[in-house]
Protein chains: 2
Amino acid sequence: MKESDKSLGVAVLGCGSVGSQVVRLLQEQAGDLAARVGAPVELVGVAVRRLDAAREVEVPEGLLTTDAAALVARDDVDLVVEVIGGIEPARGLILSALEHGASVVTANKALLAEDGPTLFEAAEKAGRDIYYEAAVAGAIPILRPLRESLAGDTVTRVLGIVNGTTNFILDKMDTSGAGFGDALQEAQDLGYAEADPTADVEGFDAAAKAAILASLAFHSRVTASDVHREGISEVTAADVASARDMDSVVKLLAICELRPGADGGEDAVAVRVHPAMIPRSHPLASVREAYNAVFVESEAAGQLMFYGPGAGGSPTASAVLGDLVTVARNRLAGTRGAGESAYAARAVLSMGESRTRYHVAIDVDDRAGVLATVALAFAEHDVSIQTVRQEGRGDDAQLVVVSHEATDAQLSATVAHLRTMDIVRDVTSVMRVEGVAE
Amino acid sequence: MKESDKSLGVAVLGCGSVGSQVVRLLQEQAGDLAARVGAPVELVGVAVRRLDAAREVEVPEGLLTTDAAALVARDDVDLVVEVIGGIEPARGLILSALEHGASVVTANKALLAEDGPTLFEAAEKAGRDIYYEAAVAGAIPILRPLRESLAGDTVTRVLGIVNGTTNFILDKMDTSGAGFGDALQEAQDLGYAEADPTADVEGFDAAAKAAILASLAFHSRVTASDVHREGISEVTAADVASARDMDSVVKLLAICELRPGADGGEDAVAVRVHPAMIPRSHPLASVREAYNAVFVESEAAGQLMFYGPGAGGSPTASAVLGDLVTVARNRLAGTRGAGESAYAARAVLSMGESRTRYHVAIDVDDRAGVLATVALAFAEHDVSIQTVRQEGRGDDAQLVVVSHEATDAQLSATVAHLRTMDIVRDVTSVMRVEGVAE
């Protein structure tokens, strides 16, 4: 592409940890960006809440404004980077930017997971791009591989560690034996968790990302409300120890699966976020601290994994700038990239219909026939057992049962049944199992 | 994108293990491909050497031809997939296809590494695309992330395990203690190595991929002849054991580095393929058997890794089809993707100028002052030592020295010097060290 004389104007909305790095890179790499885009890319405005706030970057004189709405409507703004986050005013600003003819790059997972189709339709109508690589797993290129590299293949499963805070906490629990509370405290002390950790710890952040991943992987509309969500606040040191005994590790996973319809029925999609045991030999098991990774299975390519930093101003800004180069090139070429692909319009299964496997640890009376009685409870719910380990411990014994795949409804009914049985003193750990071939 | 009535005609050149899977997927996924491209994609011809050869796929009646040259010139061919491999006739066919107005997808690493710019210029002139994701690391999306996702960042280093055969052999040597010969034999028995394993074992295949990776990562032209190449046929069981003692593992790495110029001089590029020790804690160390992985370091994104099957008909076909969808979409939109990006035109350093670190194991006389004498030899070549481990063994002793970073010329001169010293009985292992922070 020959370099153009006309420069492209960029407006950045938000100048927090990501926005300030976007502003920095736009200035430091101006020469490279111009060469890669084919035209200069010029920062023309930065919208902030307060002009006098402390910032990680020096914004050139005169570019700061508190009037984001006026900024996105300006004629000299060709590209808008939205890194404010949250639903409003982000949504309104993105829609206005598109209507005024700008292309948009956003890192806003919450908005995309709640109302992505509204944004995609607005972009389609305006003939502009909306790109959002930074919305999932920070710097890790995962959305572009899903929507482009694997466009000739059939993705069957995505397993993602897409929240660094919870991975840090679970990793600490695994390596130090700490309980959830202590590990959370350490994450907060080190800046990996916020003072109010709810969005991370309860899986809301991961659920938004799961919806985005599932939409792209399965060419269907999946929103955050479609995602079954369980966080890690109830994961105990005993669960983690139980996993260790199984040569497994507990991870908070975003799971997106294509489920072939029975008897020639239509394929459906299962999307959920919950803690799960995975074998230590699984590539995701070695993802430590606050790193992210996304494991993808597809029919032709087989198993792929994408690994890297899932958050942080500078890594997220790298993803934003990569998208910015693409939408800028499209802009110069008078075209746009592939828009939303939801043609498959697959149904989303409820959690009860989703198929999973359970690991259940049970304290039982240590007497003859206990194992048979417990096995019968599984059988009554049509759940097949893969392994049972029995450990006598004086008065009582512990049974650790790992099931074969069954519907989550069957499995949770089995656990509820176990809790009512006389010989069962306590169900000490219930955890789903992932990353194991059936 | 609305679906078009006009279908796009695809010609496949070559129907071996990759070509036959491309043909299969084009037929099996026709509906999905049409939806994702926005128009039907129709197989219109398959060029083969012999019409009556045994094939993994049934090619529809009338599509097989031995006249590849006539096929690529046909008016109904919009897209050409080249999976013949080798330099000719592949190059001539690709150039002819572009001249006749087709867009091209190729998996031909040897051709791209030898003469990529000729192909890129022909594509530019024709206003068509040439895409080649499948040329490096099979199904792993690595070229698209480098040229698009990281387009707003500065890549500083790429470390790749990009040859499955050699990774399988080195993994066997590590896990079983086998020598190179036995591990190669096992690889051949299992179909991971060819009867003539030279291209894999001596690093030619990896060197071609290194040239392609370096060209994209550093926006410069790098050809196979620029790549310093050492294979694994001289890696001994002793080397592997010595690595194990260092809690490291030996891998054949494709290494592409951006080296900042000294004193404000221009940046340059170092590109090489050789066996190297990496710590077991490095993400690449856990890449087992014939899998591939590419580790990327960039200024803003930090450390990323891409992992998956690096070869095989079906995974490679997945990468080909992903590219096919992109070039087909571009075709329909009347545009083309980003062409060659070589604006930075960085110089390629010779191996002697490249900076590396050495691990050297030396059998020495066990007498006082030996360590000092050896240390002096390193100092004479201006090589700084990071660690020395000394093990007395009766009559003689072994020294294991790991250097700090120095030029390869300094390091190899040091080793040559050591070999001439009276107190040195034998230099038992020399191996470069990678994946360690300096």
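Across the interface of chain B and chain A, two salt bridges are found. In one of them, B:Glu148 pairs with A:Arg144, and the closest N and O atoms lie 3.1 Å apart. Side chains of opposite charge can pair in this way when their charged atoms come close. These contacts, like everything described below, belong to a predicted model. Polar contacts between chain B and chain A add up to 22 residue pairs, counted where both residues have pLDDT 80 or more. On chain B, the side that touches chain A draws at least two residues from each of helix H2 (30-37), helix H6 (143-149), strand E12 (302-309) and helix H12 (313-333). The largest share of that side comes from H12(B), with nine residues. Sorted by character, the residues of the side of chain B that touches chain A comprise 25 nonpolar, twelve polar and ten charged.

The overall extent of the contact can be described next. Chain B contributes 47 residues and chain A contributes 47 residues. The size of an interface is often given as the accessible area lost when the parts come together. Between chain B and chain A, the buried area is about 4,100 Å², and carbon and sulfur atoms give 50% of this area. Of the interface residues of chain B, 100% are also interface residues in chain A, so the two copies meet through the same surface.

The arrangement of the copies fits neatly with this picture. A turn of 180°, with a shift of 0.0 Å along the axis, lays chain B on chain A with an RMSD of 0.0 Å. The two copies are therefore related as by a two-fold rotation axis. Within chain B, the residue that comes closest to this axis is B:Phe306, whose C-alpha is at 2.4 Å. The residue B:Phe306 also takes part in strand pairing between the chains, for A:Phe306 stands opposite B:Phe306 in E12(B). Strand E12 (residues 302-309) of chain A and E12(B) are joined by three bridges and run antiparallel. Strands of a sheet pair through backbone hydrogen bonds, either parallel or antiparallel.

Within the chains, parallel pairing is found as well. In chain A, six strands make an open sheet in the order E3-E2-E1-E4-E5-E6, with parallel pairing. Strand E3 (64-65) and strand E6 (130-131) of chain A lie at the edges with a single partner strand each, so one side of each has no neighbour in the sheet. Further in, strand E1 (residues 8-13) and strand E4 (residues 79-82) of chain A pair in the parallel sense over four bridges. Here A:Val10 is found opposite A:Leu79 in E4(A).

Chain B likewise holds an open sheet of six strands, with parallel pairing and the order E3-E2-E1-E4-E5-E6. The edges are formed by strand E3 (64-65) and strand E6 (130-131) of chain B, each of which pairs on one side only. At the E3 end, strand E2 (residues 41-47) of chain B runs parallel to E3(B) and is joined to it by two bridges. The bridge partner of B:Val46 in E3(B) is B:Leu64.

Some backbone features are worth a look on the structure above. Most residues other than glycine have a negative phi, and most peptide bonds are trans. In chain A, the peptide bond from A:Glu88 to A:Pro89 is cis, with omega near 10°, and A:Pro89 sits in the loop between E4 and helix H4 (90-99) of chain A. In chain B, the bond from B:Glu88 to B:Pro89 is also cis, with omega near 10°, and B:Pro89 lies in the loop between strand E4 (79-82) and helix H4 (90-99) of chain B. A positive phi, near 50°, is found at A:His219, a residue other than glycine. The loop that holds A:His219 runs between helix H10 (204-218) and strand E8 (228-229) of chain A.

Finally, salt bridges can be considered over the whole model. Over all chains, the count comes to 62 salt bridges. One of them joins the side chains of A:Glu230 and A:Arg432, at 3.0 Å from N to O. This pair links distant parts of the chain, with the two residues 202 residues apart. A:Glu230 is in the loop between E8 and helix H11 (237-245) of chain A, whereas A:Arg432 is in strand E19 (residues 424-433) of chain A.

Technical notes: Residues are numbered from 1 along each chain as its sequence is written. Chains are lettered from A and ligands numbered from 1 in the order in which they are written. This is a predicted model: local features need pLDDT of at least 70, side-chain atom pairs count only at pLDDT 80 or more; totals for chains, interfaces and linings use all residues. Side-chain values use heavy atoms; hydrogens and water are left out. Copies are superposed by least squares on the C-alpha atoms of residues with pLDDT of at least 70 in both. Contact means heavy atoms within 4.5 Å. Buried area is the accessible area (1.4 Å probe) that two parts lose on being put together, summed over both. A salt bridge is a side-chain nitrogen of Lys or Arg within 4 Å of a carboxyl oxygen of Asp or Glu. A polar contact is a pair of N or O atoms within 3.5 Å; within protein, one must be able to donate a hydrogen and the other to accept it, and residues adjacent in sequence count only if both atoms are side-chain atoms. Ala, Val, Leu, Ile, Met, Phe, Trp, Tyr, Cys and Pro count as nonpolar, Asp, Glu, Lys and Arg as charged, and the others, Gly among them, as polar. Two strands pair if DSSP finds at least two bridges between them.
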